[in-house]
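Visitor: I should be grateful for a close look at one part of this model, the largest nonpolar core, together with its setting in the chain. Please take the fold as a starting point and then proceed to the core and its surroundings.

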Amino acid sequence: MEGVSETLKAVMYEALKNSPVDFGIAWKGGKRDAEEQNELFQDGASLKDGYNQKSKHQEGKAIDVLPYVKGEYTTEEKYYYILIGVIMTTANHMEINIRNGGDWDKDGEYVTDHNFIDLPHFELI
């Protein structure tokens, strides 16, 4: 996770110790350059184009997690929700303010009140 905030890395390492679901970090450990960010924007996977609108990934202040079950990567949402609970609880105990891409406004209402859902995404705020 070269270039990723030490604070964010600490949350992820601590969460991994306590998580019932194994997880890894996507996209070369989290940090992206403008071109990589723009590719995701062009694919509809991000609202930030990397040039006019920079992503927290470019600053090393965001990562995307990948759940693994029985050694295999899975996209099943239930595993993301388990990870969200573990990671957000870990950050809270460490007194580190982060948010997940399923609850951008941090009102505790996941998915239903947001237009862009990004469950794998965690960022420092």
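Guide: Read from the N terminus, the secondary structure of this predicted model runs in the order α-β-α-β-β-α-β-β. That gives three helices and five strands in the protein chain. The radius of gyration is 14 Å, close to the 14 Å that the globule rule gives for 125 residues, so the chain is as compact as a globular protein of that length. Along the principal axes, the C-alpha atoms fill a box of roughly 40 × 35 × 30 Å. Of the 125 residues, 46% count as buried. Among contacts with a separation of 6 or more, 57% are accounted for by residues 24 or more positions apart.

The core itself may now be considered. In soluble globular proteins, nonpolar side chains tend to be buried together. The largest nonpolar core in this model has 22 residues, and the members that touch the most other members are Met-12, Val-65, Ile-87, Ile-98 and Phe-122. At least two residues each are supplied by helix H1 (6–18), strand S2, helix H3 (77–93) and strand S5. H3 gives the largest share, eight residues.

Ile-87 offers a useful view of how these parts meet. Apart from neighbours within four places in sequence, Ile-87 is in contact with Val-11, Met-12, Ala-15, Phe-23, Val-65, Ile-98 and Phe-122. Among these partners are Met-12, Val-65, Ile-98 and Phe-122, which are also listed with Ile-87 as the core members touching the most others.

Strand S2 (62–69) deserves a further remark, through Leu-66, which is found in that strand. With a relative accessibility of 19%, Leu-66 counts as buried, because the limit for that class is under 20%. Its contacts, leaving aside neighbours within four places in sequence, are Asp-22, Phe-23, Gly-24, Ile-25, Ala-26 and Tyr-73. Phe-23 thus appears in the contact list of Leu-66 and also in that of Ile-87. By C-alpha positions, Leu-66 is 22 Å from Gly-108, a residue 42 places away in sequence.

Beyond the core, the largest pocket holds about 470 Å³ of space. Its lining comprises 26 residues, of which Ala-45, Ser-46, Phe-116, Asp-118 and His-121 are the closest to the pocket centre. Helix H2, S2 and S5 (118–124) each contribute at least two lining residues, and S5 provides the largest share with four. S2 and S5 therefore supply residues to the pocket lining as well as to the core, by the counts for each element. By class, the lining has 13 nonpolar, five polar and eight charged residues.

Helix H2 (34–42) includes Leu-40, which counts as buried at 14% relative accessibility. The C-alpha atoms of Leu-40 and Gly-50 are 9.1 Å apart, with their positions 10 residues apart in sequence. Asn-52 lies in the loop that leads from H2 to S2. In contrast to Leu-40, Asn-52 counts as exposed, at 72% relative accessibility. Its C-alpha atom is separated by 30 Å from that of Met-88, 36 residues away along the chain.

Two further loops complete the setting. Most residues other than glycine have a negative phi, and most peptide bonds are trans. Glu-95 has a positive phi of about 60° although it is not a glycine. This residue, Glu-95, occupies the loop between H3 and strand S4 (98–101) and is exposed, with a relative accessible area of 75%. Lys-106 likewise has a positive phi, near 55°, and is a residue other than glycine. Lys-106 is placed in the loop between S4 and S5 and counts as partly exposed at 38% relative accessibility.

Ile-117 also lies in the loop between S4 and S5. At 34% relative accessibility, Ile-117 counts as partly exposed. Not counting residues up to four places away in sequence, Ile-117 touches Gly-101 and Val-111. The C-alpha atoms of Ile-117 and Leu-16, 101 residues apart along the chain, are separated by 23 Å.

How values were computed. Residues are numbered from 1 along each chain as its sequence is written. This is a predicted model: local features need pLDDT of at least 70, side-chain atom pairs count only at pLDDT 80 or more; totals for chains, interfaces and linings use all residues. Side-chain values use heavy atoms; hydrogens and water are left out. Buried means under 20% relative accessible area, exposed over 50%, partly exposed in between (1.4 Å probe, protein chains only). On a 1 Å grid over the protein atoms alone, a cavity is a set of points where a 1.4 Å probe fits but cannot get out, and a pocket is an open set with protein on both sides within 12 Å along at least five of seven lines; lining residues have an atom within 4 Å of a point. Grid points are joined across faces, edges and corners, and a volume is the space filled by probe spheres set on the points. Ala, Val, Leu, Ile, Met, Phe, Trp, Tyr, Cys and Pro count as nonpolar, Asp, Glu, Lys and Arg as charged, and the others, Gly among them, as polar. A nonpolar core is a set of buried Ala, Val, Leu, Ile, Met, Phe, Trp, Tyr and Cys residues joined through side-chain atoms within 4.5 Å. Contact means heavy atoms within 4.5 Å. The radius of gyration is taken over C-alpha atoms; the globule rule is 2.2 Å times the number of residues to the power 0.38.
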